[in-house]
Amino acid sequence: MRKTPTLFRSFSILVVITLLEKVIAFVFEAIIAAKYGANSITDTYFSAAELFTLIDTAFLGSLAVIAINRYAYHYNQGGEKAAFSALSNILSCYMPLMLIISGLIFIFAKPISLLVAPGYDSETRLLVVRCIKQLSVIPVIVCLTTIELSVLRQKKRFEITGLKSLFISVVGIIGLLFVSKSDDKNADVLVYAYIISNLLYCALSSFNIRKYGKLRLVKPSFNEEIKTTLRMALPLMGSYGI
């Protein structure tokens, strides 16, 4: 019989992880400051990263609420298999949309840079565009992770759901200490560390939902279920985006 984590135990672990990740995030930022100082490299990285934080918060934040709602509904109606079938269809419908968004971000990186980093000179803007193009894969990765985390939240596996920031900080520290060079001219190390941390976090969430079921890419079915998720998504995106 599988032991289900209690809410108190999961919450306690989440509190400890949250405190730990705040400390490590402070160390990460201190290392960035010591390595680069306040210059165009850090400016371009943080400007580009904030764009994807907004996408994560607004669009994928709404997707998280939707996935949790639909998972719980289908789980109560037909059990685990029905719930995973519904999530697989949601994933298969939203993943192509994420691919399109990623492609558009890559293609229109330069005009987007004018919005996220206005007033930069031409040389610094090239670095912003470079960062945005490199980070354009993030929405696709986070889309899968978001839906997987909806399962883990339902299972009270909060110790997994609270690790994302910790992964970003730890991988970033490793990159700065062991990969970056003193004569770095761009934010590549920070960007690649951000991407790798998201990939590792996605792999962790994928591994941890295997005991409950398996998400699959299936032939998308644009049924009433997907229409319901879209009706839910629009107001959520507005509120989260603001």
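## Cysteines

A disulfide is a pair of cysteine sulfur atoms within 2.5 Å. In this predicted model, the count under that rule comes to 0 disulfides. Cys143 illustrates the result: the cysteine sulfur closest to its own belongs to Cys202 and lies 9.7 Å away, which is too far for a bond.

Burial was also computed for two of the cysteines. Cys143 has a relative accessibility of 0% and therefore counts as buried. Cys131, at 2% relative accessibility, counts as buried as well.

## Salt bridges

The model contains 2 salt bridges. One of them pairs Glu80 with Lys155, with 3.0 Å between the closest N and O atoms. Glu80 belongs to helix 3, whereas Lys155 sits in the loop between helix 6 (138–154) and helix 7 (158–161), so this pair ties together parts that are 75 residues apart in sequence. Lys155 has a relative accessible area of 14% and is therefore buried.

Arg130 and Asp188 also form a salt bridge, and here the closest N and O atoms are 2.6 Å apart. Because Arg130 lies in helix 5 (residues 122–135) and Asp188 in helix 9, the pair ties together parts that are 58 residues apart in sequence. The two partners fall into separate accessibility classes: Arg130 is partly exposed at 36% relative accessibility, while Asp188 is buried at 13%.

## Asn208 in helix 9

Helix 9 spans residues 188–209 and includes Asn208. With a relative accessible area of 9%, Asn208 falls under the 20% limit and so counts as buried.

Two polar pairings involve the side chain of Asn208. One is a polar contact of 3.0 Å with the side chain of Arg157. In the other, a polar atom of the Asn208 side chain lies 2.8 Å from the backbone oxygen of Leu204. When residues up to four places away in sequence are left aside, Asn208 touches Leu152, Arg157 and Ile160. Arg157 thus appears both as a polar partner of Asn208 and among the residues that Asn208 touches.

## Loop between helix 6 and helix 7

Lys156 is placed in the loop between helix 6 and helix 7, the loop that also holds Lys155 of the Glu80 salt bridge. Most residues other than glycine have a negative phi. Lys156, although not a glycine, has a positive phi of about 60°. At 29% relative accessibility, Lys156 counts as partly exposed.

Lys156 can also be related to the start of the helical numbering. Phe8 is found in helix 1 (residues 7–36). Phe8 and Lys156 are separated by 148 residues in sequence, yet their C-alpha atoms are 9.6 Å apart in space. Phe8 has a relative accessibility of 65%, and because this is over the 50% limit, Phe8 counts as exposed.

## Nonpolar surface patch

Ile100, Leu104, Phe106, Ile107 and Phe108 make a nonpolar surface patch of about 510 Å². Leu104, one of these residues, is located in helix 3 (residues 80–107), the helix in which Glu80 also lies. The relative accessible area of Leu104 is 43%, and the residue is therefore partly exposed.

Terms used: Residues are numbered from 1 along each chain as its sequence is written. This is a predicted model: local features need pLDDT of at least 70, side-chain atom pairs count only at pLDDT 80 or more; totals for chains, interfaces and linings use all residues. Side-chain values use heavy atoms; hydrogens and water are left out. Buried means under 20% relative accessible area, exposed over 50%, partly exposed in between (1.4 Å probe, protein chains only). Helices (H or I, at least four residues) and strands (E, at least two) are DSSP runs, numbered from the N terminus. A polar contact is a pair of N or O atoms within 3.5 Å; within protein, one must be able to donate a hydrogen and the other to accept it, and residues adjacent in sequence count only if both atoms are side-chain atoms. Contact means heavy atoms within 4.5 Å. Patches are made of residues with over 30% relative accessible area and no salt bridge: like charges are joined within 9 Å, nonpolar side chains (Val, Leu, Ile, Met, Phe, Trp, Tyr) within 5 Å. Accessible areas come from the Shrake-Rupley method with a 1.4 Å probe; for residues, only the protein chains shown count as cover. A salt bridge is a side-chain nitrogen of Lys or Arg within 4 Å of a carboxyl oxygen of Asp or Glu.
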